[in-house]
Amino acid sequence: MPGFGDIIKLMSHAKELQESAAKLKDELPQMEFTAATANGGVQVTVGGDFTVRAIRIAPEMLGDRTYLESELQSALNSAYASARGAMQEKMKEVTGALGIELPAF
């Protein structure tokens, strides 16, 4: 059965978690993740809040619509994967002291 000291410790961790989560909520929208296709023809930047910030397409990519769409999808998926990975690492930092894991996004 947990003692009073354990309850105080748990409350302290909860307050730290709340403060860390609030800080993370402010930091994530400021973060940016850029990914490019292997040939460099498409480059995308997404924010930590999963918004598309920029798309750059090389002029030579404009001739083949199907290929361009495929490359754009590849670059976006890569940038979003980077953003998700960074967010998961940040959440591990926030929740690590409590020994809990939050679901992945």
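Helices here are DSSP runs of at least four residues, numbered from the N terminus. With that in hand, welcome to this structure, which is a predicted model.

## The overall picture

The protein has 105 residues, and 26% of them count as buried. Its secondary structure consists of two helices and three strands. Reading from the N terminus, these elements follow the order α-β-β-β-α. The accessible surface is about 7300 Å², and carbon and sulfur atoms account for 56% of that area. If you take the contacts between residues at least 6 apart in sequence, 45% of them join residues at least 24 apart.

## Three strands side by side

A good place to start looking is strand E1, which covers residues 32-36. Which side chains of E1 are buried, and which are not? Phe33 and Ala35 point to one face and are buried, whereas Glu32, Thr34 and Ala36 point to the other face and are not.

Strand E1 pairs with strand E2 (residues 42-47) through five bridges, in the antiparallel sense. Within this pairing, alanine 35 has valine 44 of E2 as its bridge partner. The two strands make a hairpin with five residues between them, and in its turn glycine 40 has a positive phi of about 75 degrees.

Strand E2 in turn runs antiparallel to E3, and five bridges join the two. Valine 44 appears again here, with isoleucine 55 as its bridge partner in E3. Valine 44 can thus be followed from alanine 35 to isoleucine 55. The hairpin of E2 and E3 has four residues between the strands, and phenylalanine 50 takes a positive phi near 65 degrees there.

## Where helix H2 meets the strands

Helix H2 spans residues 65-95. Alanine 83 is one of its residues. Is alanine 83 buried or exposed? Its relative accessibility is 2%, so alanine 83 counts as buried. Phenylalanine 33 is 50 residues away from alanine 83 in sequence, yet their C-alpha atoms are 6.1 Å apart in space. Beyond its neighbours within four places in sequence, alanine 83 is in contact with Phe33, Val46, Gly47 and Phe50. Phe33 is one of the buried side chains of strand E1, and Phe50 is the residue with the positive phi in the hairpin of E2 and E3.

Glutamate 71 is also in helix H2. This residue is buried but has no salt bridge. Which side chain of opposite charge is nearest to glutamate 71? That side chain belongs to arginine 65, and it is 15 Å away. Glutamate 71 does have a polar contact, at 3.2 Å, between its side chain and that of threonine 37. With neighbours within four places in sequence left aside, its contacts are Thr37, Asn39, Val42 and Met61.

## Salt bridges

How many salt bridges does the structure hold? There are four, and the table shows three of them, including the distance between the N and O atoms.

| Acidic residue | Basic residue | N to O distance |
|---|---|---|
| Glutamate 32 | Arginine 53 | 3.2 Å |
| Aspartate 49 | Arginine 53 | 3.0 Å |
| Glutamate 69 | Arginine 65 | 2.9 Å |

In the bridge between glutamate 32 and arginine 53, the closest N and O atoms are 3.2 Å apart. Glutamate 32 belongs to strand E1 and arginine 53 to strand E3 (residues 52-57), so the pair ties together parts that are 21 residues apart in sequence. Arginine 53 has 33% relative accessibility and therefore counts as partly exposed. Its other partner in the table, aspartate 49, is partly exposed as well, because its relative accessibility is 36%.

The bridge between glutamate 69 and arginine 65 has both of its residues in helix H2, four residues apart, which is about one turn of the helix. Glutamate 69 is partly exposed, with a relative accessible area of 41%. Arginine 65 has a relative accessible area of 64%, so this residue is exposed. Elsewhere, Glu32, Asp49 and Arg53 are joined into one network by salt bridges that share partners.

Terms used
Residues numbered from 1 in each chain as written. Predicted model: local features only at pLDDT ≥ 70, side-chain atom pairs only at ≥ 80, totals over all residues. Heavy atoms only, no water. Buried < 20%, exposed > 50% of the residue type's maximum accessible area, 1.4 Å probe, protein only. Lys, Arg positive; Asp, Glu negative; His and termini not counted. Polar contact = N/O pair within 3.5 Å; in protein donor to acceptor, adjacent residues only side chain to side chain. Contact = heavy atoms within 4.5 Å. Areas by Shrake-Rupley, 256 points an atom, 1.4 Å probe, with all protein chains shown as cover. Pairing = 2+ DSSP bridges.
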